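Subject: Structure handover

Hello,

Please find the structure below. My notes on what was found in it follow.

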Amino acid sequence: MIIERVEAIILDFPFQYGANSTDFIGPAPWRHLSTLLVRVETSAGVTGWGEAFSYACAEAVKAALEHMVAPSVIGRDAADIAGIARHCQQSLHLFGRYGITLFAISGLEIALWDIAGKVAGQPLHKLLGGASRERIPAYASLLRYGDPEWVAEHCKSAQDAGYAAVKLHETTEPAVRAARETLGDGVPLMIDVNCPWRPQEALAMARAFKAYEPTWLEEPVFPPEDHVGLARVRHQSGVSIAAGENHCTSFQFRDMFAAGAVDYAQPSVTKVGGIGELMKVAILAEAAAVSLMPHSPYFGPGWLATLHLMAAIPGSGYIERFYGTVEASTSGPWIAPQNGALAVPTGAGLGHDPEPELLREYQRRT
Ligand SMILES: [Mg+2]
C-alpha cells in the first residue's frame, strides 16, 4: 500500500467567540478558524485525513507539506508510520525542529494512522492499545475577552452548558477574580496567559493569582522553552504550571520534565509530530509524574485524533474544547459536548471523514 498523493487543503470556517476581534493570535482580526487538512491517497484506494496546525500560518504549512513533506514520502509504504515519521523528521531537520516543518509532519502522520485504522477496520484508540474511556470530559477553553464582565458572562454560559471546568485566556487579576466569583469555590479554573512575562514578572502574577486557586497557570513565561524560568515560577509560587503546546517532539518534553518545569504537559497532536510522538510524550509524562492535558483548540482530524488518544491513554485528563462557535467543521457530531463531555468516535480510523460538500464550500481559494 504505497503513498501515491499528498494534498494540503485549507478550509476557513466563520468563527465567533463572543468578543470583538483582538490581536490574540496575530495582527489580523480573528473571524475565521482555519483547518489545514492533509489528504493522503494510497495505491490500495484507501484515503486518510490528517490535520496540521495552522491558524495564521496555514499557507506556510501548506507549502511545507507540498514542497518538503510530500516529495519525501510519495512511493513509501503507508503502513510504515513510525518509519515515515522518523524519515521526515531526520531528512527535514535542517529546516526546523520546531514550528512549520513539524506541523506539516504531524498532519501527514495523523493521516497515516487514519489509513491504518481503516485498513484494520478498527478505531484509532483500539490500535493505540485500548479504550479506557468512551467519553472524555472537556474543559471550556474560553477566548480572550479582557473585560471582567464578559469573562464572568462566558464563565456562566460555559457552566450552564454543562462544563465542569473552565480555562481563561486572561492576564489580569480582575478578570481571574470575576471568573472565580462566577464559577464558585472548588470548580476547576485554569489560567492560560500565552507566554507574556519574564520569570520574575510571572512569579509575581502567579502569586497574585494563587488566591483564586487555579488548577494550573499555563505558559506564564516567555520564551516557552525557558524551562528554568518556568521551574522557578512553579517552585517559588507553589502554583501548578502547565505548558507544552509550543513544544515539538518528545525531546523537548524530556528536557522540560527534567527541569521540573511543569505539573501538566500539553502536547498538541497537530504540532508535536503526530500521534506516535504524542504517545512518546505520554510515556515520558507518566514516568515524570506529570499529568497529560493535551492542547486541542481545533476542530478537524487533529481533534478526532486527540479524542482517540485520550481514550487510549489511562489518566489523561480533560480535553480542551475551544469555547467558540464554528459555522461548520469536518468532525461532524464529534465536536458537540453533552453534559460537558465528548463521545469518542467508534468508526474505523479517526471515525469521521470530511464531507465533500464542506471542502467545496469552505476551501480557501487564493
Ligand atoms: Mg494554551
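The model is predicted. I start with a pair of helices. Thr249, Ser250, Phe253, Arg254 and Phe257 of helix α9 are in contact with Glu277, Lys280, Val281, Leu284 and Ala285 of helix α10. By type, the residues of this contact are five nonpolar, two polar and three charged.

As for geometry, α9 covers residues 249–258 and α10 covers residues 275–287; they pack at an angle of about 20°, and their axes are 8 Å apart. Angles under 35 degrees count as roughly parallel, so α9 is roughly parallel to α10. The crossing of α9 past α10 is right-handed.

Next, the metal site. The magnesium ion has three protein donor residues, Asp192 (OD), Glu218 (OE) and Glu245 (OE), at 2.0 to 2.1 Å from the ion. Their spacing in sequence is D-x25-E-x26-E. Asp192 sits in strand β6 (residues 189–192) and Glu218 in strand β7 (residues 216–218); the two are 26 residues apart, and the pair links distant parts of the chain. Asp192 and Glu218 are both buried.

The last item is Glu173, a residue of helix α6 (residues 173–183). Its relative accessibility is 28%, and because partly exposed covers the range between under 20% (buried) and over 50% (exposed), Glu173 counts as partly exposed. Neighbours within four places in sequence aside, Glu173 contacts Ala208, Phe209 and Tyr212. For Glu173 and Tyr212, the C-alpha to C-alpha separation is 9.1 Å, with their positions 39 residues apart in sequence numbering.

Regards

Terms used: Residues numbered from 1 in each chain as written. Predicted model: local features only at pLDDT ≥ 70, side-chain atom pairs only at ≥ 80, totals over all residues. Heavy atoms only, no water. Axes fitted to C-alpha atoms, helices over the stretch in contact; angles between N-to-C directions. Helix = DSSP H or I, 4+ residues; strand = E, 2+ residues; numbered from the N terminus. Parallel < 35°, antiparallel > 145°, perpendicular 65-115°, else oblique. Left-handed = near helix turned anticlockwise from the far one by under 90°. Contact = heavy atoms within 4.5 Å. Nonpolar A, V, L, I, M, F, W, Y, C, P; charged D, E, K, R; others polar. Donors = N, O, S within 2.8 Å, 3.2 Å for Na, K, Ca; no water. Buried < 20%, exposed > 50% of the residue type's maximum accessible area, 1.4 Å probe, protein only.
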